[in-house]
Amino acid sequence: MTLLDFARGPAIDAALIVFVFGIAWRLTWLLFLPHSVDFSPPRPRAPGRIAGAAKGFIRHMWPASAYAGRTMFGVINSYVFHIGLAIVVLGFAEHVLFIRDLTGFTWATLPTGIITVVAVVTLAALVVQLMRRLFDPVLKLISTAGDYWAWFVTTLPVATGIATVSHLWLRYEDLLAIHILSVCLFLISFPFGKLMHAFIVFITRSQTGITYSRRGAEI
Amino acid sequence: MEDWSPEAGTVGEALTRQGVSRRALLKYGSYLATLMALPPTAGKAIAQSLAKAKRQSVIYISFQECTGCLESLTRSFSPSIEDMIFNLISLDYQETLQAAAGEAAEKARQDAMAANKGKYVVVVDGSVPTADNGVYSTIGGKTNVEILKETVADAMAVLSVGTCASFGGLPYANPNPTGAVPVSALVTDKPVINVSGCPPVPEVIAGTIAYIVTFGKLPPLDRHNRPTPFFGDSIHDRCYRRPFYDKGLFAKAFDDEGARNGWCLYELGCKGPITYNSCATVKWNGGTSYPIQSGHSCLGCSEPNFWDLGGFYRPLPDPTDKRPAAVGAAAVAGAAVGIATAAAARSRKRKATHEGGPSK
């Protein structure tokens, strides 16, 4: 069995099983946990739950003016690599083939050249994000090993993907195998650490919006 | 002025006897140099050394195979099979091509081995069955394992022709009922050159033999022991459809507009990116075409285990296995564990509330 056979076979199968198990576990656990009941009456003119959730979610997509000076660069850089990741994952033909095999859904793809440019920009933004985490005193203080691990397993597939498409250093089949294995690492890590925010962010920010709106807080 | 005068028993003498001119030999040397990606000046050197080279004794044995490799070799255009047999080499044993049969044929093999001890090249096509003491393929009452070990004992080198001999091929594919193995699994004390392909490109078989005859040594080999002059580039890197891959233009079916426009066949399962061979450059039938040019995706036939890569029409990014049922089971199990964990938390909270303790 070659490294590519292993990556396309047992490795990706095991990673998908762990990924699906972990996501299902974390989400059902979170949704069925006992909730504290807010006995206080809603404040006058407080919006409903859905409007409060939407307001809270949208409001938190951009920093408040009071914090803009400190956080704007980090927010914009985060948008760059998040949008970059979305374009690379959902726009590259090879990735869409993988998703089609998994789900049956398919859509139009982007040229390899555009994907390569976006991937390089994404990688650069990820490196900048790490630099901020390492050199900003506040960020450094609040960062845990989980943050660095999340950065590593996110950056590795981007870097190996660029190397694979560009045929850098190794033979294509080895690069492809390493890239798939790096994706396996990402999938296995995803449900059990900070990366889970990709799912939980919708729940937490919406719940914050509901709570704040009910209590009349201006957000 | 170089010395081109042929000596007895050399390729040059055989060529002179057949009226082949020095110019034709130079032309052939240039062709070989081009085929092996050598500098143009190498053509003259090849022609000169070919003229002086002794005709190489070759014993060609066939095991678990379909004769497709030999069929391919007999369609070699340059050098043609006639060139090969009458000029470049002395083909001392080949069951399908030789007139002799039965004991006379086996004697021809024994005689060639004795006469060229330590100097002959053994060409093997087909994998070697080893299960049940090798009974699944025998010749003259001997198993393939016995014949192989006996024949290669005094050989200079072994040339595994075709993917069956090189990597096991179809007989080696899961579930491999005959216990088939490649030649390299049994021959460990001699150089084994793999000329893989199902079948191999005829010019590549002939070119590899010509390389040994010309240079008197083995060609440089890649990690699968294949001659790098012929297996150095992937089909994908040399494919004329590569620009469509880079533009993201893919045929979605073999009869759609993309296919008619000659777009990339990657999405239809093309294994060109992981397949190393000369199909895209040397091509087939005298340089006429190759599978991708004919509208079909590359099967990856010159790579190990190509039968077991998940299917010829599954794209490379797809996992080789069909989605395991375990993925669905994992979702159900994960949800069950999540609900159970939340239920336990609710129970703890209820218990704490009833006991008058702080709500957690």
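Two residues are taken to be in contact if their C-beta atoms, placed from the backbone, lie within 7 Å. By that yardstick, 35 residues of chain B are in contact with 35 residues of chain A. This is a predicted model, in which local features need pLDDT of at least 70, side-chain atom pairs count only at pLDDT 80 or more, and totals for chains, interfaces and linings use all residues. Residues are numbered from 1 along each chain as its sequence is written, while chains are lettered from A and ligands numbered from 1 in the order in which they are written.

As for confidence, the complex gets an ipTM of 0.75 and a pTM of 0.79 from the predictor. Chain B has a mean pLDDT (the predictor's confidence in each residue, from 0 to 100) of 86, with 92% of its residues at 70 or more.

Back at the interface, the elements of chain B that give two or more residues to the side touching chain A are α13 (242-247) and α15 (325-354); helices here are DSSP runs (H or I, at least four residues), numbered from the N terminus. The largest share of that side, 15 residues, comes from α15(B). By class, the side has 19 nonpolar, eight polar and eight charged residues, where Ala, Val, Leu, Ile, Met, Phe, Trp, Tyr, Cys and Pro count as nonpolar, Asp, Glu, Lys and Arg as charged, and the others, Gly among them, as polar.

Within chain A, helix α1 (residues 3-32) packs against helix α8 (residues 172-189) at an angle of about 10 degrees, their axes 9 Å apart. Axes are lines fitted to C-alpha atoms, for helices over the stretch in contact, and angles run from 0 to 180 degrees between N-to-C directions. The two helices are therefore roughly parallel (an angle under 35 degrees). Residues making this contact include A:L3 and A:F19 of α1(A) and A:L176 and A:I188 of α8(A). They divide into 16 nonpolar, no polar and three charged.

Then there is A:T122, in helix α5 (residues 112-135) of chain A. With 24 C-beta neighbours inside 10 Å, A:T122 counts as buried; the cut-off is 20 or more other C-beta atoms within 10 Å, with 12 or fewer making a residue exposed and anything in between partly exposed. Leaving out residues up to four places away in sequence, A:T122 touches A:F81, A:G84, A:L85, A:V88 and A:V158. The C-alpha atoms of A:T122 and A:W25, 97 residues apart along the chain, are separated by 30 Å.

Terms used: Angles under 35 degrees count as roughly parallel, over 145 as roughly antiparallel, 65 to 115 as roughly perpendicular and the rest as oblique.
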